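Student: Could you take me slowly through one part of this model, a helix and the sheet beside it? I would like to follow how its sides differ and what lies around it.

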Amino acid sequence: MNYKAGFIGCGNMGGALASAAATKYSSDICVYDKDAAKTSLLCEKYGAVTADVKELIAKSAFTFLGIKPQFMKDVVEPLVDDINSSETVVVTMAAGLSISFFTDELKITRPIIRIMPNTPCSLGSGMILYSCNESVSESQEKAFAELMSGAGILDKLPEAMIDPASTVSGCGPAFAYIFAEALSDAGVEVGLPRDKALLYAAQMLKGSAEMILKYGAPATLKDNVCSPGGTTIAGVHALEDSGFRAAAMNAVTASYKRTLKLKK
């Protein structure tokens with residue numbers, strides 16, 4: 001194999017994973033996108049190389065399909081013979097499309113790893129959920145984990161858990177960004193400069209996430225911040241009055257319902 005990995009589709013998610021891999025492996029990473037500007041950026045910034053899609057498949061140990069679910073069949077179906085005649089491992093990141101879609105509908109016979117990453121993978125602080133079909137060998141899984149080690153935390157799950165889990169880790173960054181923006185807006189409202197308010201909100205979210213990863217039990221951590229009769233518990237009360245907890249839960253369940261619709 002000439003390349004440790006090839007990426008077909010370098011949009012937000014495919015580009016995030018390609019940059020994470022290229023940061024570590026540089027010219028061992030091959031990228032392809034119909035938008036040449038996206039591949040040029042990855043080549044210039046990280047030292048990745050580009051090739052036509054058939055060469056990418058033939059020469060890549062792993063072929064990542066960074067293609068939106070609604071376009072997957074149209075894009076991949078003409079490439080099935082090239083995939084099946086290669087030695088590549090197929091890696092799909094399309095929401096709602098199970099491994100059986102690729103094996104039964106598209107008739108792909110190569111080993112397949114299904115992943116659900118998130119955009120912080122581009123900074124090495126991401127979360128990648130993954131599941132393998134029975135054709136993936138132990139050595140291939142190990143090579144995949146090494147390839148993606150620069151993206152963040154990897155967690156292997158039964159495939160049935162991928163969809164619900166991804167609505168937390170995959171959709172969650174958007175919810176966190178809305179929260180950060182709201183905190184920043186509120187900071188401006190009470191008199192902070194915008195850049196300061198955004199810095200404080202972002203660093204607070206980063207630090208709070210690290211506390212949860214280290215100590216767990218967010219309810220206990222929350223209680224530790226809330227002094228009796230203090231300012232924080234007053235703010236928590238306001239959040240509860242506004243249905244904050246229910247709104248967050250509704251966001252996850254709405255995302256999951258949409259994922260189920262993509263399967264149809």
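**A helix and the sheet it lies across**

Tutor: Let us begin with the outward side of helix α7, where the face turned away from the buried side carries Glu 138, Ser 139 and Lys 142, which are exposed. Please keep in mind throughout that the model is predicted. The helix itself spans residues 138-147, and its buried residues are Gln 140, Glu 141, Phe 144 and Leu 147. These four sit on the same side of α7, because together they cover an arc of only 120° around the axis.

What does α7 lie across? The helix lies across β1 (5-8), β2, β4 (62-65), β5 (89-92), β6 (112-116), β7 (126-132) and β8, and it runs at about 60° to β4. These strands belong to an open sheet of eight, ordered β3-β2-β1-β4-β5-β6-β7-β8, in which the pairing is mixed. At the edges stand β3 (49-50) and β8 (152-156), each with a single partner strand, so one side of each has no neighbour in the sheet. At the β3 edge, β2 (residues 29-32) pairs with β3 in the parallel sense over two bridges, and here Cys 30 stands opposite Val 49.

Moving along to β7, we find that seven of its seven residues are buried. The cover is on both faces, since one side holds the buried residues Gly 126, Ile 128, Tyr 130 and Cys 132, while the other holds Met 127, Leu 129 and Ser 131, which are buried as well. With β6, strand β7 pairs in the antiparallel sense over four bridges, and Met 116 stands opposite Leu 129 there. With β8, by contrast, β7 runs parallel, and five bridges join the two; the bridge partner of Tyr 130 in β8 is Lys 156.

Tyr 130 also brings us back to the helix, for Phe 62, Tyr 130 and Phe 144 form one aromatic cluster. Phe 144 is one of the buried residues of α7, and Tyr 130 is one of the buried residues of β7.

Another strand that α7 lies across is β5, and one residue in β5 that rewards a careful look is Thr 92. Is Thr 92 buried or exposed? Thr 92 counts as buried because its relative accessibility is 0%, and the cut-off for buried is under 20%. Leaving aside neighbours within four places in sequence, Thr 92 is in contact with Leu 65, Met 72, Phe 102, Ile 112, Ile 113, Arg 114 and Ile 115. A polar atom of the Thr 92 side chain also lies 3.3 Å from the backbone nitrogen of Ala 94.

Finally, it helps to set the aromatic residues in the setting of the whole model, which holds five aromatic pairs. One of them joins Phe 179 and Phe 244, with 5.5 Å from centre to centre and 45° between the planes, and this pair is tilted. Phe 179 lies in helix α9 (residues 172-189) and Phe 244 in helix α13 (residues 244-262), so the pair ties together parts that are 65 residues apart in sequence. Phe 179 counts as partly exposed, with a relative accessibility of 27%, and Phe 244 is also partly exposed, with a relative accessible area of 37%.

Technical notes
Residues numbered from 1 in each chain as written. Predicted model: local features only at pLDDT ≥ 70, side-chain atom pairs only at ≥ 80, totals over all residues. Heavy atoms only, no water. Buried < 20%, exposed > 50% of the residue type's maximum accessible area, 1.4 Å probe, protein only. Arc of directions from axis to C-beta. Phe/Tyr/Trp six-rings, centres within 6.5 Å; stacked < 30°, edge-to-face > 60°. Pairing = 2+ DSSP bridges. Contact = heavy atoms within 4.5 Å. Axes fitted to C-alpha atoms, helices over the stretch in contact; angles between N-to-C directions. Polar contact = N/O pair within 3.5 Å; in protein donor to acceptor, adjacent residues only side chain to side chain.
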